[in-house]
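Thanks for coming, everyone; I would like to walk through one helix and its surroundings in the structure I am about to put up.

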Amino acid sequence: MAGIRLPPEDSELPQPARPGPASVDLVSDDDRSVAADSWSIKSEYGSTLDDDQRHADAAEALLTSGNFRAAASDYSSDKEEPDADGVSSMLGLQSYWDSAYADELTNFREHGHVGEVWFGSDVMDVVVTWTRNLCIQIAQGHLPTDADDVKYESGEDGDKHLCGWSVLDIGTGNGLLLQELAKLGFSDLTGVDYSEGAVDLARNLADRDGYPNIKFLVDDILETKLDQQFKLVMDKGTLDAIGLHPDGNVKR
């Protein structure tokens with residue numbers, strides 16, 4: 001890190017350098033680690049991808065974009081001031097995810113591994129159970145006013161209410177979230193991702209695990225070609241990826 005040397009004091013002892021303003025290293029190992037850890041937890045199966053090469057490819061794409069912060073535009077939001085903390089990241093680039101899911105697809109074909117479980121399986125279990133109970137209560141005419149007000153509904157009473165829920169999972173990745181929803185009684189399930197490799201992986205996993213009725217489509221939600229309306233739309237981290245694009249503060 002760059003430093004600023006202090007003027008000599010009366011004593012002739014050299015003074016330690018004081019750190020100056022942190023430079024914006026958008027593709028440093030620390031930034032990558034923090035961003036990746038905050039988004040997902042690696043599966044126990046690991047990865048066969050050369051991570052250094054993936055990071056290098058994404059970093060090169062960022063550098064050649066020539067724009068680490070979104071340029072000024074006529075876009076307006078409910079914020080009075082621009083987001084000064086918004087920075088770009090390789091996690092906002094489709095090329096990064098195409099490379100990541102190409103590796104996950106190879107891992108599946110060679111070893112049968114499912115790839116990453118976003119936020120970990122325990123968190124996913126909590127999310128899908130809470131979502132199921134919320135949907136049942138809404139179907140019964142009860143709209144909880146607080147997250148803690150969502151109560152457990154038994155299978156016999158609840159499952160009949162879930163068939164009318166059409167669900168869209170944006171940025172579906174390997175599609176495991178939709179598989180978990182299917183286990184709890186949802187039947188009209190669609191997952192979309194702008195990475196073709198992610199969709200291929202999700203389809204293969206769903207077929208293998210006995211969920212051929214889950215629909216998976218290649219679609220960029222910012223330029224969507226979907227012509228169906230959905231009662232429930234879910235997102236695990238796509239908004240984060242949109243915000244980390246070089247033009248994120250406009251795209252999001």
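When I say helix or strand, I mean a DSSP run, H or I of at least four residues for a helix and E of at least two for a strand, numbered from the N terminus. Please keep in mind that this is a predicted model, in which local features need pLDDT of at least 70 and side-chain atom pairs count only at pLDDT 80 or more, whereas totals for chains, interfaces and linings use all residues. Residues are numbered from 1 along each chain as its sequence is written, and side-chain values use heavy atoms, with hydrogens and water left out.

The chain holds nine helices and six strands, and 38% of its 252 residues count as buried, buried meaning under 20% relative accessible area, exposed over 50% and partly exposed in between, with a 1.4 Å probe and protein chains only.

Let us begin just ahead of α4, in the loop that separates it from α3 (94-111), where we find Phe119; this residue counts as partly exposed because its relative accessibility is 32%.

The helix α4 itself has 19 residues and reaches 27 Å from its first C-alpha to its last, close to the 27 Å expected at 1.5 Å a residue, the expected span being 1.5 Å times one less than the number of residues. Among its buried residues are Met124, Val128 and Leu134.

Beyond the helix, Gln140 sits in the loop between α4 (121-139) and α5 (155-158), and it counts as partly exposed because its relative accessibility is 30%. Although Gln140 and His161 are 21 residues apart in sequence, they are 7.8 Å apart in space, C-alpha to C-alpha.
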